[in-house]
Amino acid sequence: MLRTLTSNRMNENGYPFKLSREQLYYEFVSVSKEKQVQKIVLISRTDVAGIYNLALLDVLSDGSLCDISETNNNDLRIVIATVIKIMGDFLTKNSNSYVIFRGSDSRRQRLYSIVIGRELVEFSKVYEVYGVKDGVRYPFSVNNSYEFYLIKKKL
Amino acid sequence: MKVSKKNLPLEKRKGYEIVQKKLDECNAMLRTLDLSFLDNKPAPNQDNDKS
C-alpha cells in the first residue's frame with residue numbers, strides 16, 4: 001500500500017500551483033469528488049542565510065492554518081508530488097539555497113523518509129539530499145532516521 | 001465590510017502560532033548545526049561515524 005502511495009513521485013502529475021507575491025508561499029487545491037482543500041506550502045527564512053524552512057499547511061474552512069489535519073482526500077501521492085514540484089520551483093529560482101523540513105509528527109516524518117528513500121536515485125540526479133541528526137548534516141541514507149531533511153539543488 | 005479570514009495575511013491567521021513555533025524550533029536546531037557546509041565543506045559519512 002505504502003509502496004503504491006510513494007512510488008515515482010518525481011514523475012507524478014501534481015496539482016497546478018501559484019507563487020504568492022505578497023508572502024513566500026505557494027498555494028494549491030487538493031481535489032476529490034467529495035471536497036476541495038486549499039493547501040499552502042510556506043517557505044520561511046530561517047536565522048541562517050540561505051536556509052529556508054518548508055511547511056505544508058491546510059487552510060481550514062474558517063481560514064485558519066493547520067499542519068496536522070488529516071485531509072483524507074485520497075490524493076496523498078498527488079499532494080506529495082506537488083510539494084516536490086514546488087520545492088523544485090523554489091530551489092531553481094534560489095539555486096544556492098537549502099530547503100529544510102521535517103514531518104509535523106512522527107508518522108509524517110517517517111512517510112517523508114520513505115518517500116525520499118524511494119526517490120533517492122532520481123532525486124540525487126538533481127538535488128543534494130541530507131539528513132540532520134544531533135547537530136550534524138549527513139548524506140541521506142535510507143537506513144538512518146533524521147530530525148530534519150535538508151535539500152539543495154545541484155549546481 | 002467584513003474581511004474574509006481566508007484573505008488575511010498568513011501571519012494573522014489562527015494557527016500561524018504553531019507555524020512560528022516550529023520555525024523557532026528549526027532555528028534552535030540550526031544554532032546547534034555545524035554550518036561549515038555553507039562554505040561547501042563535504043558532509044561526513046554517517047556510516048563511518050558509528051565506531
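## Exercises on a predicted two-chain model

Over all chains, the structure holds ten aromatic pairs. Please keep in mind that this is a predicted model.

**Exercise 1.** Find how the rings of Phe101(A) and Tyr149(A) are arranged, and where in chain A they sit.

*Solution.* Start with the distance: the ring centres are 5.5 Å apart, and the cut-off for a pair is 6.5 Å. Next, take the angle: the planes stand at 45°. Stacked pairs lie under 30 degrees and edge-to-face pairs over 60, so an angle between these limits counts as tilted. Finally, place the residues: Phe101(A) belongs to strand E6 and Tyr149(A) to strand E9. With these positions 48 residues apart, the pair links distant parts of the chain.

**Exercise 2.** Describe the salt bridge of Lys93(A) with Asp89(A), and explain how the two residues are placed in helix H2.

*Solution.* First, note the total: eight salt bridges occur over all chains. In this one, the closest N and O atoms of Lys93(A) and Asp89(A) are 3.0 Å apart. Then look at the helix: both residues lie in helix H2 (residues 76-93) of chain A, and because they are four residues apart, about one helical turn separates them.

**Exercise 3.** Build up a picture of the interface between chain A and chain B.

*Solution.* Begin with the residues: 38 from chain A are in contact with 34 from chain B. Now the area: about 2,900 Å² is buried between the chains, with carbon and sulfur atoms giving 62% of that. Turn to the charges: three salt bridges are counted between chain A and chain B. One of them joins the side chains of Arg102(A) and Glu25(B), at 2.5 Å from N to O. To finish, sort the side of chain A that touches chain B by class: 21 residues are nonpolar, ten polar and seven charged.

**Exercise 4.** Decide where chain A calls for cautious reading.

*Solution.* Check the whole chain: its average pLDDT is 88, and 90% of the residues score at least 70. Then check the start: across residues 1-7 of chain A, pLDDT stays under 50. Where pLDDT is low, predicted coordinates should not be read in detail.

Conventions. Residues numbered from 1 in each chain as written. Chains lettered and ligands numbered in written order. Predicted model: local features only at pLDDT ≥ 70, side-chain atom pairs only at ≥ 80, totals over all residues. Heavy atoms only, no water. Contact = heavy atoms within 4.5 Å. Buried area = accessible area lost by both parts, 1.4 Å probe. Salt bridge = Lys/Arg side-chain N within 4 Å of Asp/Glu carboxyl O. Nonpolar A, V, L, I, M, F, W, Y, C, P; charged D, E, K, R; others polar. pLDDT = per-residue confidence, 0-100. Phe/Tyr/Trp six-rings, centres within 6.5 Å; stacked < 30°, edge-to-face > 60°.
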